Amino acid sequence: YADAIANARGSVDILCPYFYPGQRIRQALRSAVDRGVRVRLLLQGKLDYRLAGWAAEALYAELVGHGVEIYEYTPAFLHAKVAVVDGIWATVG
């Protein structure tokens, strides 16, 4: 993830239910935004594990403050794990 994000030139899209990345991933996302890359996160908005959701939300201010777009999926529980970088690198979990 960190290497793919570090090499992104246009877009980084990540969809996952609980997002609490380590420092390396957070730095890669911030650096990507600084390079003009559009970084979007689609995270779970309907929580099935409140503590895990709150842990993810604790990082929102830092990421949004650096220009990362965060969206929450609320119609149902979100369990997919997908990342796409520049439309050429992808992972599905």
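**Entry 1. Surface patch and aromatic pair**

I began with the surface and noted a nonpolar patch of about 370 Å², made by Tyr1, Ile88 and Trp89. I record here that the model is a predicted one.

I then asked how many aromatic pairs there are. The count comes to 1 aromatic pair. In this pair the ring centres of Tyr1 and Trp89 are 5.9 Å apart and the planes stand at 75°, so I entered the pair as edge-to-face. Tyr1 belongs to the segment before helix H1 (2-6), whereas Trp89 belongs to strand E5; the pair therefore ties together parts that are 88 residues apart in sequence. I located strand E5 at residues 89-92.

I looked up the exposure of both partners. Tyr1 is partly exposed at 48% relative accessibility, and Trp89 is partly exposed at 32%.

**Entry 2. The loop before strand E5**

I next examined Asp86, which sits in the loop between strand E4 (82-85) and E5. Its phi is near 55°, a positive value in a residue other than glycine. I found Asp86 partly exposed, with a relative accessible area of 26%.

**Entry 3. Salt bridges**

I searched the whole structure for salt bridges and obtained 5. I followed several of them residue by residue.

Arg26 forms a salt bridge with Glu62, with 3.2 Å between the closest N and O atoms. Because Arg26 lies in helix H2 (residues 23-34) and Glu62 in helix H4 (residues 60-65), this pair ties together parts 36 residues apart in sequence. Glu62 also meets the side chain of Arg30 in a salt bridge, at 2.3 Å from N to O. Arg30 is in helix H2 and Glu62 in helix H4, so here the tied parts are 32 residues apart in sequence. I therefore entered Arg26, Arg30 and Glu62 as linked in a network of salt bridges, by the rule of a side-chain nitrogen within 4 Å of a carboxyl oxygen.

Which members of this network are buried, and which are partly exposed? Arg26 is buried, with a relative accessible area of 15%. Arg30 is buried as well, at 9%. Glu62 counts as partly exposed at 25%.

I then turned to the strands. Arg38 forms a salt bridge with Glu69, the closest N and O atoms lying 2.8 Å apart. Arg38 is in strand E2 and Glu69 in strand E3 (residues 69-73), so the pair ties together parts that are 31 residues apart in sequence. Both are partly exposed: Arg38 at 41% relative accessibility and Glu69 at 22%.

**Entry 4. Gln44**

I asked whether Gln44 is buried or exposed. Gln44 is buried, because its relative accessible area is 2% and the cut-off for buried is under 20%. I placed this residue in strand E2 (residues 38-44).

I then looked for polar partners of its side chain. One is the side chain of Tyr18, in polar contact at 2.9 Å. A polar atom of the Gln44 side chain also lies 2.7 Å from the backbone nitrogen of Leu78. Leaving aside neighbours within four places in sequence, I listed the contacts of Gln44 as Cys16, Pro17, Tyr18, Glu72, Tyr73, Phe77 and Leu78.

**Entry 5. Ala56**

I closed with Ala56, which is in helix H3 (residues 50-57). Ala56 is buried, with a relative accessible area of 5%. Apart from neighbours within four places in sequence, Ala56 is in contact with Phe19 and Tyr20. I also noted 15 Å between the C-alpha atoms of Ala56 and Lys81, which are 25 residues apart along the chain.

Terms used: Residues are numbered from 1 along each chain as its sequence is written. This is a predicted model: local features need pLDDT of at least 70, side-chain atom pairs count only at pLDDT 80 or more; totals for chains, interfaces and linings use all residues. Side-chain values use heavy atoms; hydrogens and water are left out. Patches are made of residues with over 30% relative accessible area and no salt bridge: like charges are joined within 9 Å, nonpolar side chains (Val, Leu, Ile, Met, Phe, Trp, Tyr) within 5 Å. Accessible areas come from the Shrake-Rupley method with a 1.4 Å probe; for residues, only the protein chains shown count as cover. Helices (H or I, at least four residues) and strands (E, at least two) are DSSP runs, numbered from the N terminus. Buried means under 20% relative accessible area, exposed over 50%, partly exposed in between (1.4 Å probe, protein chains only). A polar contact is a pair of N or O atoms within 3.5 Å; within protein, one must be able to donate a hydrogen and the other to accept it, and residues adjacent in sequence count only if both atoms are side-chain atoms. Contact means heavy atoms within 4.5 Å. Rings of Phe, Tyr and Trp (its six-membered ring) pair if their centres lie within 6.5 Å; planes under 30 degrees apart count as stacked, over 60 as edge-to-face and the rest as tilted.
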